[in-house]
Amino acid sequence: MWTRGGFTIVHKRLEVGTFTIVDRLRSHATHVELGAHELSMLLEGIDATRARIAPRWSPPSVAIAPQT
């Protein structure tokens, strides 16, 4: 993972079980890129395929009235 200070290497060894790999991983893939939130969920054992992201608030679009 790249951070402002350089690369961060994350290593976690499983005693039992497996990681839930993201759905975009293909059998012929040599690597997969994860966002920080995906990596965090993976390391915590959260199934990312069943997780849902809550919608974020965004300001309502306002039509700008022409000035006369």
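**Exposure, fold, patch and pocket**

Reader: Is Gly 45 buried or exposed?

Author: The general idea is relative accessible area: under 20% is buried, over 50% exposed, and anything in between partly exposed, using a 1.4 Å probe and protein chains only. Gly 45 has a relative accessibility of 61% and therefore counts as exposed. The model is a predicted one, in which local features need pLDDT of at least 70 and side-chain atom pairs pLDDT 80 or more, while totals for chains, interfaces and linings use all residues. Residues are numbered from 1 along each chain as its sequence is written, and side-chain values use heavy atoms, without hydrogens and water.

Reader: Where is Gly 45 found, relative to H1?

Author: Helices (H or I, at least four residues) and strands (E, at least two) are DSSP runs numbered from the N terminus. Gly 45 sits in the segment after H1. Its C-alpha atom is 6.8 Å from that of Phe 19, although 26 residues separate the two along the chain.

Reader: In what order do the elements of the protein run?

Author: From the N terminus the order is β-β-α, made up of two strands and one helix.

Reader: What percentage of the residues count as buried?

Author: The figure is 7% of the 68 residues. The accessible surface of the protein is about 6900 Å², with 56% of it on carbon and sulfur atoms; areas follow the Shrake-Rupley method with a 1.4 Å probe, and for residues only the protein chains shown count as cover.

Reader: Which residues form the nonpolar patch on the surface?

Author: A patch takes residues with over 30% relative accessible area and no salt bridge (Lys or Arg side-chain nitrogen within 4 Å of an Asp or Glu carboxyl oxygen). Nonpolar side chains (Val, Leu, Ile, Met, Phe, Trp, Tyr) are joined within 5 Å, like charges within 9 Å. Here the members are Ile 21, Leu 25, Val 32 and Leu 34, together offering about 270 Å² of accessible area. Val 32 belongs to the loop between strand E2 (6–7) and helix H1 (36–44), and is partly exposed at 35% relative accessible area. Leu 34 lies in the loop between E2 and H1 and is partly exposed at 31%.

Reader: Which residues lie nearest the centre of the largest pocket?

Author: On a 1 Å grid over the protein atoms alone, a pocket is an open set of points where a 1.4 Å probe fits, with protein on both sides within 12 Å along at least five of seven lines; lining residues have an atom within 4 Å of a point. Met 1, Val 10, Leu 34, Leu 39 and Leu 42 are nearest the centre, among 14 lining residues. Leu 34 and Met 1 are 33 residues apart in sequence, with 8.5 Å between their C-alpha atoms.
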